[in-house]
Amino acid sequence: MSHTAPSARLATTALVVGLALLGWPGVTSADYKMIQNTSTGRLTSGAQVECNAPAGFAHWNTRDVSWRHNTANQGAGKKTALENAMASWTNVTNATYQLNYDGTTSAGFGTDGINTVLWGNTGSLPDCGSCLALTALVLQSGQVIVESDVIFTNELTWTTNGSDYDTESVAAHELGHSLGIHHPSMAGGPETMSNPYFGIGMRSLHPNDNAALQCSENRYPAVCSGNPPPRPLTLSVINQYCWGYNLVSWSASTCPVTRYEVWGSTSMSFTNPFLIYSGSATSTTMQVTQSQIQVYVWVRACYNSLCGHYRGLGIAQYYAGCCVTPPC
Ligand SMILES: [Zn+2]
């Protein structure tokens with residue numbers, strides 16, 4: 001999962017643009033590939049295989065994948081770019097992966113149980129050469145991913161303003177690798193998992209990128225035992241426009257749960273959260289007081305002490321009296 005040397009790639013920019021005008025010949029609606037490597041341990045390379053390859057491909061058992069951010073070197077100021085790249089994969093429909101930005105770390109590019117994004121020297125790393133960035137997977141038997149790290153080379157300038165090299169774009173590409181997705185068969189295509197490396201086009205996933213994750217989701221359903229239940233796919237808060245009465249509902253987790261928890265906060269940043277509901281139902285009602293004005297709402301699924309990540313963000317509101325024709 002290494003990237004082409006920047007100097008070589010720069011030399012082919014004009015050619016890549018020319019191909020774009022031809023409508024990307026050879027790219028089909030199923031042009032995505034998965035990473036296959038049946039060895040165990042830490043690896044940074046793998047075969048390009050179809051999603052239905054008999055020997056399978058690298059995948060997670062859990063759906064909650066939390067990432068830590070090492071802000072050393074050029075890592076400073078990249079939080080939003082990383083969060084956006086994670087959200088692109090989290091937001092893929094018909095897939096339940098949840099990539100979470102879980103704060104900062106001093107961890108490096110090594111097997112330590114922490115999924116780390118960092119900036120550093122990549123020249124001596126295997127499978128990198130003069131790559132832009134490199135993703136490592138740690139595999140257990142059965143090609144189960146249990147850890148991933150992404151390193152961006154410190155030898156180039158990384159930006160968040162859209163100029164090269166765009167952190168969010170390349171992060172989205174590398175996070176795709178972290179989910180077991182390889183490059184499509186055709187280089188320089190429109191997919192995030194292709195490898196244009198320039199501009200901001202890779203920030204937005206292509207339908208082929210979505211299809212890759214959806215295919216992984218279907219072939220390797222979440223393993224529930226021992227993992228937190230995936231967060232509910234949807235959360236809805238319907239303002240009833242009557243004395244702060246709100247209806248909160250969510251979809252069932254795809255794994256068994258012992259309870260759902262609905263939490264609220266008067267702050268969008270989830271400070272001083274308070275428990276609104278805990279139970280096995282997938283809906284509840286809540287009352288917003290006049291002093292609260294409005295309450296931000298999140299829901300998560302738990303299996304005993306194992307709780308998944310939150311699905312947000314609904315907004316429950318207070319209305320004085322009853323409003324017949326909102327907004328009032
Ligand atoms: Zn790549």
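Along strand β11, which spans residues 245-250, the side chains alternate, with Asn-246, Val-248 and Trp-250 pointing to one face, where they are buried, while Tyr-245, Leu-247 and Ser-249 point to the other face and are not buried. In a regular strand, side chains alternate in this way between the two faces of the sheet. The model described here is a predicted one.

**Strands around β11**

Strand β11 has partners in β10 and β14. Strand β10, made of residues 235-239, runs antiparallel to β11 and is joined to it by five bridges; within this pairing, Val-237 has Val-248 of β11 as its bridge partner. Five residues lie between the strands in the hairpin of β10 and β11, and Tyr-241 in that hairpin takes a positive phi near 55°. Strand β14, residues 283-287, also pairs with β11 in the antiparallel sense, over five bridges, and here Tyr-245 has Gln-287 in β14 as its bridge partner.

**Strands around β15**

Strand β15 covers residues 294-303 and runs antiparallel to β12, residues 259-265, with seven bridges joining the two. The pairings of β15 are set out below, each with one bridge pair.

| Partner of β15 | Residues of partner | Bridges | Sense | One pair |
|---|---|---|---|---|
| β12 | 259-265 | seven | antiparallel | Ser-265 and Tyr-296 |
| β17 | 311-317 | six | antiparallel | Tyr-296 and Ile-315 |
| β16 | 306-307 | two | antiparallel | Cys-302 and Cys-307 |

Tyr-296 appears in two of these rows, since this residue is the bridge partner of Ser-265 and stands opposite Ile-315 in β17. In the hairpin of β15 and β16, two residues lie between the strands, and Asn-304 takes a positive phi near 50°.

**Helices α3, α4 and α5**

Helix α5, residues 207-219, contains 13 residues and reaches 18 Å from its first C-alpha to its last, which is close to the 18 Å expected at 1.5 Å a residue. Which of its residues are buried? They are Asn-208, Asp-209, Asn-210, Ala-211, Ala-212, Leu-213 and Ser-216. The elements that cover these buried residues include two strands, β1 (34-36) and β4 (59-60), together with the helices α3 (79-90) and α4 (167-178).

Two packed helices are described by the angle between their axes and the distance between the axes. For α3 and α4 the angle is about 45°, and their axes are 8 Å apart. Because of that angle, α3 counts as oblique to α4. The crossing in which α3 passes α4 is right-handed. On the α3 side the residues that meet α4 are Ala-81, Leu-82, Asn-84, Ala-85, Met-86, Ser-88 and Trp-89, and on the α4 side they are Thr-167, Glu-168, Ala-171, Ala-172 and Leu-175.

**Thr-104 in β6**

Thr-104 lies in strand β6, which runs from residue 98 to residue 104. Why is Thr-104 classed as partly exposed? The class follows because 14 other C-beta atoms lie within 10 Å of Thr-104, whereas a buried residue would need 20 or more and an exposed one 12 or fewer. Although Thr-104 and Asn-70 are 34 residues apart along the chain, their C-alpha atoms are separated by 5.6 Å. Asn-70 is also one of the contacts of Thr-104, which, leaving aside neighbours within four places in sequence, is in contact with Arg-68, His-69, Asn-70 and Thr-71.

Note on methods
Residues numbered from 1 in each chain as written. Predicted model: local features only at pLDDT ≥ 70, side-chain atom pairs only at ≥ 80, totals over all residues. Pairing = 2+ DSSP bridges. Helix = DSSP H or I, 4+ residues; strand = E, 2+ residues; numbered from the N terminus. Expected span 1.5 Å × (residues − 1). Contact = placed C-beta atoms within 7 Å. Axes fitted to C-alpha atoms, helices over the stretch in contact; angles between N-to-C directions. Parallel < 35°, antiparallel > 145°, perpendicular 65-115°, else oblique. Left-handed = near helix turned anticlockwise from the far one by under 90°.
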